[in-house]
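Biologist: Please take me closely through one part of this model, and set it in the context of the chain around it. I would like a connected account rather than a list.

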Amino acid sequence: MQITRRFTKAGTSPFEQFQYTKRASVLRNPDGKPIFNMEDIEVPKHWSQVATAGYSFAFLKATEGGWYIDPTYAANRVGANANGIVIGAY
């Protein structure tokens, strides 16, 4: 079996392909109270702050039964997609 190299270069560490920066990550409750805080996380410079915080998936409310459509769903979906967050709707 032969595996074709696609995303890396022979003899080069994949970590050398990016520039890195240090950032902070603070996760908060809905009331704004911090529940997790980490300083000086080394992340790829091109990552958004959302990616730095570790958000990668979100469930978005779209409807409630057949009688309610969440008016914020479209905006929430656009915001999630713009930040690279995979979504599921309910």
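Modeller: Let me begin with Asp40, which sits in strand β2, the strand formed by residues 34-44; please bear in mind throughout that this is a predicted model. With a relative accessible area of 54%, Asp40 is exposed, because exposure is assigned over 50%. Its backbone also deserves attention, since the phi angle of Asp40 is near 55°, a positive value in a residue that is not glycine. As background to that angle, most residues other than glycine have a negative phi.

The next residue to consider is Ile41, which is likewise placed in strand β2. Ile41 has a relative accessibility of 18% and therefore counts as buried, the limit being under 20%. If neighbours within four places in sequence are left aside, Ile41 is in contact with Thr21, Lys22, Arg23, Ser25 and Thr52. The last of these, Thr52, is eleven residues from Ile41 along the chain, and the C-alpha atoms of the two are separated by 8.0 Å.

Arg23, one of the residues that Ile41 contacts, leads across to strand β1, which covers residues 20-28. Arg23 is buried and yet has no salt bridge; the nearest side chain of opposite charge belongs to Asp40, and it is 11 Å away. A salt bridge would need a side-chain nitrogen within 4 Å of a carboxyl oxygen, so Asp40 at that distance does not supply one. What the side chain of Arg23 does have is a polar atom lying 2.6 Å from the backbone oxygen of Trp47. The wider surroundings of Arg23, not counting residues up to four places away in sequence, take in Met38, Glu39, Asp40, Ile41, Val43 and Pro44, together with Lys45, Trp47, Ser48, Gln49 and Thr52. Asp40 is thus among the residues that Arg23 touches, even though the charged side chain of Asp40 is 11 Å away.

Turning from this region to the aromatic residues, the structure holds two aromatic pairs. In one of them, the rings of Phe57 and Phe59 have centres 5.0 Å apart and planes at 75°, so this pair is edge-to-face. Phe57 is partly exposed, at a relative accessible area of 44%, whereas Phe59, at 61% relative accessibility, counts as exposed. The other pair joins Trp67 and Tyr68, and it is tilted, with 5.9 Å from centre to centre and 55° between the planes. Here Trp67 counts as exposed at 67% relative accessibility, while Tyr68 is partly exposed, its relative accessible area being 29%.

As for the chain that carries these features, it contains two helices and six strands, and from the N terminus on its elements run β-β-α-β-β-β-α-β. The radius of gyration is 18 Å, well over the 12 Å that the globule rule gives for 90 residues, so the chain is more spread out than a compact globule. Along its principal axes, the C-alpha trace spans about 60 × 40 × 20 Å. Buried residues make up 16% of the 90 residues in the chain, and both Arg23 and Ile41 are buried. Finally, among contacts between residues at least 6 apart in sequence, 45% join residues that are at least 24 apart.

How values were computed. Residues are numbered from 1 along each chain as its sequence is written. This is a predicted model: local features need pLDDT of at least 70, side-chain atom pairs count only at pLDDT 80 or more; totals for chains, interfaces and linings use all residues. Side-chain values use heavy atoms; hydrogens and water are left out. Rings of Phe, Tyr and Trp (its six-membered ring) pair if their centres lie within 6.5 Å; planes under 30 degrees apart count as stacked, over 60 as edge-to-face and the rest as tilted. Buried means under 20% relative accessible area, exposed over 50%, partly exposed in between (1.4 Å probe, protein chains only). Helices (H or I, at least four residues) and strands (E, at least two) are DSSP runs, numbered from the N terminus. Lys and Arg count as positive and Asp and Glu as negative; His and the chain ends are not counted. A polar contact is a pair of N or O atoms within 3.5 Å; within protein, one must be able to donate a hydrogen and the other to accept it, and residues adjacent in sequence count only if both atoms are side-chain atoms. Contact means heavy atoms within 4.5 Å. The radius of gyration is taken over C-alpha atoms; the globule rule is 2.2 Å times the number of residues to the power 0.38.
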